[in-house]
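Got your viewer open? Let's take a short walk past some charged side chains.

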Amino acid sequence: MSAIVGAERPQVVSHVQQALSYTVFDCKWVPRSARLLCLGSAARGTGIVQLYELHGARLELLREIEKPKPIKCGTFGATSLQQRYLATGDFDGNLNIWNLEAPEIPVYSVKGHKEIINSIDGVGGLGIGEGAPEIVTGSRDGTVKVWDPRQNDTPVASMEPVQGESKRDCWTVAFGNAYNQEERVVCAGYDNGDIKLFDLKTMSLRWETNIKNGVCSVEFDRKDINMNKLVATSLEGKFHVFDLRTQHPTKGFASVSEKAQKSTIWQVRHLPQNRDIFMTSGGSGSLHLWKYEYPAQRSKKDSEGSEMGVAGSVSLLQNVTLSTQPISSLDWSPDKKGLCVCGAFDQTVRVLIVTKLNKI
Amino acid sequence: MPVWLREHSWRQTLTAVYLSLPLRGARASPSSIFCSEQYLKVSIPPFLFEAVLYAPIDDTNSTAKIGNGNIFFTLYKKEPAMWDSLTLANTDKEKLQYLRENAVLKAQEKAKEETEARKITKQEHKKYALEATMKVEEAERKRIEDLKEKERQKVVKELELWKNQQKHGDKYKSIQKKGELYQEIEPLKERKNEKMNKTRIPNEGTSKTRLKSTKGSCSIFSQNLKEEQLPAPRAAATIKVNFTPRVFPTALRESRVAEEEEWLHKQAEARRIINSDLSELEDLKEEEKNPDWLKDKGNKMFAMGDYLGAVNAYNLAVRLNNSLPLLYLNRAACHLKLRNLHKAIEDSSKALELLTPPVPDNENARVKAHVRRGTAFCQLELYTEGLQDYEAALKIDPRNKNIEKDAEKIRHLIQGTMQIS
């Protein structure tokens, strides 16, 4: 646990800033390239997908695709590296998978939900992990559905409210624990503070908790390993880091929470090259870079002799304010360590470089 | 009348005039000398010396030296010329007056100009100081910016390098892909069928290794083989979910929880009131659920002498709306008539509570409340408390004779009892 001296702290350098003419909801790096995608909604109510390439100190627009419905979220998680198809969720509840070379007709399309798809995640593609490629979508209609691109029209798993129960908006979903072909876990966060962990192998609810504030974003530190850590961010500037290696029968998972700022924390993203470093983006236009430190002992026995997890600690490495509007989307480049893109509600997308990550 | 000083002596050169003025013992100070372009005056009460000069002088540069009982003037002429005399001859009173005034005005203007000039220089000095500090800060900022810029450029270079690597890698891959695609499509199909048969073997593990070992040089083959290795889509299933209950459709925020609780509490209260009546008094007509209507009914019954009926009406009204002070006030009056003195006291107290803040609008009501409570106290023989209420009533409305009379009576009673005991 070495203290990081001022000169050695990672710096967040703003490399390129691009003004857009539409509201950007999600931005993603195209794997194995210096290209990035921006997904959003134009003022006239249509969806926009723009493909940019990083050229020196500017972004060059390679392609712009317009779709009838505004697009909220997208992922490359479930495609192979050769195909690199983009899966998107839009405001109407449609899940589409596009081939960006031929974007007129989607490769896969289904009206998955009755209301906007708030969040999407994919697993099994990009050469990461094993098992079938699957896509999970979480929607305002309170359901979380898992799709297989090889099966049309019906989801392979669906997490719905019990009959007669009033629904809560699902704001975020994430895959995890996909370390072999059978195991897979979906974590969903809702607007009433519920976090639920669904096990897809046993098709059951594995764990749930309530963090007292609406859950804006959840992410496992790595999707393709035995589930290790989960970060959940919420309204009111709080985020929780859960240690998932030890599950206590009644107390669930151990966690540490941190209040970073007064505003909503919109996104959390782990550095693909180092699973203990993550960045949170806030409603005040700021980005915070955090490092998680493991405790001396990750589990201990409680009074009855059952194993209980011990949460570690989180330290702030750096923070920077880039915008006055919330930064709603964040993505690390899987190919270059420290390169990330963020999109904010001031209609700009920024490419940032975080330096000195090797020294952490 | 001032004493004129006339024993002055002077001499001149082409450019200057030297004037010596003995002071006859008077003490001179710089303020006693007044000089303008063409007018010179020395005034040390009661002595006075004035001279309208022959030609204009440069009064800013001219000097006066005070010492040794006289003043020595060195006056520099504006135009180098020899003067016929020190002063102008033929100066009549008016001209003199005019010259004097002019001189005074000119002196004032000069003074003004000087102060302004001083102000301006002061401002300039300030500006200069400010600019200097700004420059220093700018330099500091620039230094930091430069550091950042250097760092950025270093990083950008690395990025470009990496990007070029990617590009070359990509190009190579795409060329390879295209080439192989065209060549290998037919044999691919054949091999695919072969592999299909092999995968039907139950032990997936060994089939995997076998497939791997037969991997050809072509990367596409291994990809397609991998596709065969993927498990079939999951069997569809549904998981039923229960949510932590929440009344509001909005998202949960910790900071709002207190407000929400309060709101719910109030809603529950309101519902309770309505429900309690609904359950018992379903056969009541619409108007009978209106507290105001019930109050009027109560008032009418009171007027007719039906005190119990009035109390009932007021009770019902209170159950529907427990924050109308008039209901309690009127009910107190009924209780007084019914000689339920404790209840009367309670009701008038409640009415007074509800009648805060004390404003002119509710004066009448407060007077009545105090009077009723006072009456009740007296009838319970708690005369001191009763007097307190009467006096409060008097304070609000000092002109009411009845209250005064009653207050007097109570005072007498108290004094009477004190005498006895």
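Which residues are linked with A:R140 in a network of salt bridges? Select A:E115 and A:K167, since those two join A:R140 in that network. A salt bridge here is a side-chain nitrogen of Lys or Arg within 4 Å of a carboxyl oxygen of Asp or Glu.

Before you click on: this is a predicted model, where local features need pLDDT of at least 70, side-chain atom pairs count only at pLDDT 80 or more, and totals for chains, interfaces and linings use all residues. Residues are numbered from 1 along each chain as its sequence is written, chains are lettered from A and ligands numbered from 1 in the order in which they are written, and side-chain values use heavy atoms, leaving out hydrogens and water.

Over all chains there are 36 salt bridges. Stay in chain A and pick A:R206 with A:D199, whose closest N and O atoms sit 3.3 Å apart. A:D199 is buried at 7% relative accessible area, while A:R206 is partly exposed at 32% (buried is under 20%, exposed over 50%, partly exposed in between; 1.4 Å probe, protein chains only).

Next, A:K301 and A:E307: their salt bridge has its closest N and O atoms 2.9 Å apart. A:K301 is exposed at 56%, and A:E307 is partly exposed at 32%.

Now hop to chain B and select B:R411 and B:E391, a salt bridge at 3.3 Å, N to O. B:R411 belongs to helix α11 (residues 401-420) and B:E391 to helix α10 (residues 383-396), so the pair ties together parts 20 residues apart in sequence. Helices are DSSP runs (H or I, at least four residues), numbered from the N terminus.

Key: Helix = DSSP H or I, 4+ residues; strand = E, 2+ residues; numbered from the N terminus.
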